[in-house]
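Colleague: Before I plan any bench work, could you take me through this model step by step, with the reasoning behind each reply?

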Amino acid sequence: MVETRKVQVTGGSTYTVSIPKDWATENDVSAGSTVEFYPEGDSLFLTPKTEEERTEGTLDIGDLGGEELTRAVMTMYVSGFDIIALETGRISNDQRRTIRDSVQSLVGLEVLEETRDRVVIRDLLDSSELSIHNAVTRMRLIALSMLEDAVAALAEDDDDMAKDVIQRDDDVDRLYMVVSRIFRATLRTPKAAEELGLAREVCFDYHSSARQLERIGDHATKIAHLTLELDERSGDDDVPDEVLDAIQELEVEARDVVDRSMDALFAEENTEATRNANDARATVRSVDQEARSIDELLRGLDPARAQLLGLIVDSVSRSADYGGNIAETALQKAAPTP
């Protein structure tokens, strides 16, 4: 329920306002307590001042295993727990292996304690030292290099490069989890946004764009897998140079879309952001047209090879679409606020 209070003046120059008693009671605020104010635009957030404590969470993993257990650990991590206790009557060897794999796939985690019925994980990172901007910037570099190398692996028939692209997807996923963890922290408390030095709306824009970059990494990985499969099926039959050249040109344009969109997202000047974002959106339409023209080139190929190459073209085109989504986010970020 919304409660209203009148602002009063005490001592001739000090503005005062009372706080709701129910809220104060629920949050252990009483006479003599210290509270913190966080200004954000035309709003002022009030929170009780608390001692810096590491948040702890306990999860009964029961019969969870494999992907379900991995997802449970990731969810606790993204939710912001600094110490995660996983418990059940007896933790199986398979569960322990899955937990260790999950810890290795997340930034800053280590196993603190391990017993017959309990595994405790802790986060070693200081949340105040994390930078959502740096994490998204790193995601941008890795995802775009993956996309470039995936298509290069196809053109150069380089299986080792394709396998390297697949391995790098773990790096993008780890960074996305970090971004998600930071973003959720800003939703829980204005203090987290204050420490980052960014408005929560900006954190939302970064998180939304990081999701698009994570998907681009997924499509680069898909292209690498398709390249390996194409190599196995084709034998000595080469992909026509005309097709390879067209796919490489398409990939260059797709990367340009993402680069321009990210430049728009990070731009400090709204005019520059709007220009880059609109240029990126225009290039997306060009990529879609070129993708359709490549599909026409594939009609004369062996059906099996044409299908695999068509999927590669689709992944490159979708990567440009995800760049277009980032451009939309950049335009919203640059728009005047009400």
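**Strands, helices and salt bridges**

Modeller: To begin with the strands of this predicted model, strand β6 (residues 83–87) runs antiparallel to strand β8 (residues 118–123), and 5 bridges join the two.

Colleague: Which residue in β8 is the bridge partner of Leu86?

Modeller: β6 and β8 are joined in the antiparallel sense. Within β8, the residue that partners Leu86 is Val119.

Colleague: How many residues lie between β7 and β8 in their hairpin?

Modeller: Strand β7 (residues 109–114) pairs with β8 in the antiparallel sense over 5 bridges, and Glu110 stands opposite Arg122 of β8. In the hairpin that β7 and β8 form, the number of residues between them is 3.

Colleague: Is α2 parallel or oblique to α5?

Modeller: The axes of helix α2 (residues 66–79) and helix α5 (residues 159–188) come within 7 Å and cross at roughly 45°. Angles under 35 degrees would count as roughly parallel, and the crossing therefore makes the relation of α2 to α5 oblique.

Colleague: How many residues of the contact of α2 with α5 are charged?

Modeller: On the α2 side the contact includes Arg71, Met74 and Tyr77, and these meet a set in α5 that includes Met177, Arg181 and Arg184. The residues of this contact divide into 5 nonpolar and 2 polar, while the number that are charged is 4.

Colleague: Is Glu67 buried or exposed?

Modeller: Glu67 forms a salt bridge with Arg71, with the closest N and O atoms 3.8 Å apart, and both residues lie in helix α2, 4 residues apart, about one turn of the helix. Arg71 is partly exposed, with a relative accessible area of 43%. Because the cut-off for exposed is over 50%, Glu67, at 57% relative accessibility, counts as exposed.

Colleague: How many residues apart in sequence are the parts that Arg140 and Asp263 tie together?

Modeller: The side chains of Arg140 and Asp263 meet in a salt bridge at 2.9 Å, N to O. Arg140 is buried at 12% relative accessible area, whereas Asp263 is partly exposed at 35%. Because Arg140 lies in helix α4 (residues 132–156) and Asp263 in helix α8 (residues 241–266), the separation in sequence of the parts they tie together is 123 residues.

Colleague: Is Leu301 buried or exposed?

Modeller: Leu301 sits in the loop between α9 (270–297) and α10 (303–334). Not counting residues up to four places away in sequence, Leu301 touches Pro240, Val243, Ala306 and Leu309. Since buried means under 20% relative accessible area, Leu301, at 16%, is buried.

Methods. Residues numbered from 1 in each chain as written. Predicted model: local features only at pLDDT ≥ 70, side-chain atom pairs only at ≥ 80, totals over all residues. Heavy atoms only, no water. Pairing = 2+ DSSP bridges. Axes fitted to C-alpha atoms, helices over the stretch in contact; angles between N-to-C directions. Parallel < 35°, antiparallel > 145°, perpendicular 65-115°, else oblique. Contact = heavy atoms within 4.5 Å. Nonpolar A, V, L, I, M, F, W, Y, C, P; charged D, E, K, R; others polar. Buried < 20%, exposed > 50% of the residue type's maximum accessible area, 1.4 Å probe, protein only. Salt bridge = Lys/Arg side-chain N within 4 Å of Asp/Glu carboxyl O.
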